[in-house]
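The report that follows works through one protein chain, from its overall layout to its core, its charged pairs and its surface. Please keep the sequence and the structure in view while reading.

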Amino acid sequence: EMADDKVDLYWPQLEAYAYALENPLNGQGKVVAETGLLMWRVVNGHTDHVDSFGFGCDKEYLSAGRRPALFQGFIAEVIKTLDGPLPESGEKCTMCKYAEKRNKSA
């Protein structure tokens, strides 16, 4: 569904793209003034059953604005978590059980 809550889901990804454009490894960065989601919802299709196939859609642009300071805090927490110690295995965690099983067989 094309709803504003999608912005809350995708803002870290959008900010990561903006950060990459503004801070390239080489060359001059580009200023990113806005991020957002351009969304399409297919509402119909049509064909001549030979060569032509197409569809119609509704579209909507959802502005995400910019959140660079929030992104810096978010990515700092991600890096801290990745660089930090592994958490204790959870009894119900299927990923933990997989990792333990894999480590035993290695």
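## Overall layout

Read along the sequence, the protein follows the pattern α-β-β-α-α, which corresponds to three helices and two strands. The model is predicted, and every value given below is computed from it.

The radius of gyration of the protein is 21 Å, whereas a compact globule of 106 residues would have one near 13 Å. Along its principal axes, the C-alpha trace spans about 60 × 40 × 30 Å. Of the 106 residues, 15% count as buried, and the accessible surface comes to about 8,900 Å², of which 58% belongs to carbon and sulfur atoms. Among contacts between residues at least 6 apart in sequence, 56% join residues at least 24 apart.

## The nonpolar core

Nonpolar side chains tend to be buried together in soluble globular proteins. In this model the largest nonpolar core has seven residues, namely Met2, Val7, Leu14, Leu37, Met39, Leu62 and Ala64. The elements that contribute two or more residues to this core are helix H1, strand E1 and strand E2, the last of these running over residues 53-65.

Val7 gives a view of the surroundings of one core member: once its neighbours within four places in sequence are left aside, Val7 is in contact with Leu37, Leu62, Ser63, Ala64 and Arg67. Among these partners, Leu37, Leu62 and Ala64 are themselves listed in the core, while Arg67 takes part in a salt bridge that is described in the next section.

## Salt bridges between helix H1 and the loop after strand E2

Side chains of opposite charge can pair when their charged atoms come close. The count for this protein comes to four salt bridges. One of them joins the side chains of Arg67 and Asp8, with an N to O distance of 4.0 Å. Because Arg67 lies in the loop between E2 and helix H2 (68-83) while Asp8 lies in helix H1, this pair ties together parts that are 59 residues apart in sequence. The two partners differ in their accessibility class, since Arg67, at 25% relative accessibility, counts as partly exposed, whereas Asp8 is exposed with a relative accessible area of 53%.

A salt bridge also joins the side chains of Arg66 and Glu15, at 2.9 Å from N to O. Here too the pair links distant parts of the chain, with Arg66 in the loop between E2 and H2 and Glu15 in helix H1, 51 residues apart. Is Glu15 buried or exposed? Its relative accessible area is 2%, and Glu15 is therefore buried, as the class takes in values under 20%. Arg66, in contrast, is partly exposed, with a relative accessible area of 23%. Leaving aside its neighbours within four places in sequence, Glu15 is in contact with Gly65, Arg66, Arg67, Pro68 and Phe71. Glu15 and Arg66 also belong, together with Glu22, to a network of salt bridges.

## A salt bridge between the strands

Asp58 and Arg41 form a salt bridge in which the closest N and O atoms are 3.9 Å apart. This pair links strand E2, which holds Asp58, with strand E1, which holds Arg41, and the two residues are 17 apart in the chain. Both partners are classed as partly exposed, Asp58 with a relative accessible area of 34% and Arg41 with 31%.

## Surface patch and the loop before strand E1

Which residues make the nonpolar surface patch of about 370 Å²? The patch is formed by Leu38, Trp40 and Tyr61. Trp40 is placed in strand E1, which covers residues 35-47, and Trp40 counts as exposed because its relative accessibility is 56%, where the class requires over 50%. Strand E1 thus appears in two settings, since it holds Trp40 of the patch and also gives two or more residues to the largest nonpolar core.

Gln28 is found in the loop between helix H1 (5-22) and E1, and at 72% relative accessibility this residue counts as exposed. Gln28 and Gly45 are 17 residues apart in sequence, and their C-alpha atoms are 44 Å apart in space.

How values were computed:
Residues numbered from 1 in each chain as written. Predicted model: local features only at pLDDT ≥ 70, side-chain atom pairs only at ≥ 80, totals over all residues. Heavy atoms only, no water. Patch = residues over 30% accessible without salt bridge, like charges linked within 9 Å, V, L, I, M, F, W, Y side chains within 5 Å. Areas by Shrake-Rupley, 256 points an atom, 1.4 Å probe, with all protein chains shown as cover. Helix = DSSP H or I, 4+ residues; strand = E, 2+ residues; numbered from the N terminus. Buried < 20%, exposed > 50% of the residue type's maximum accessible area, 1.4 Å probe, protein only. Core = buried A, V, L, I, M, F, W, Y, C linked by side-chain atoms within 4.5 Å. Contact = heavy atoms within 4.5 Å. Rg over C-alpha atoms; globule rule 2.2 N^0.38 Å.
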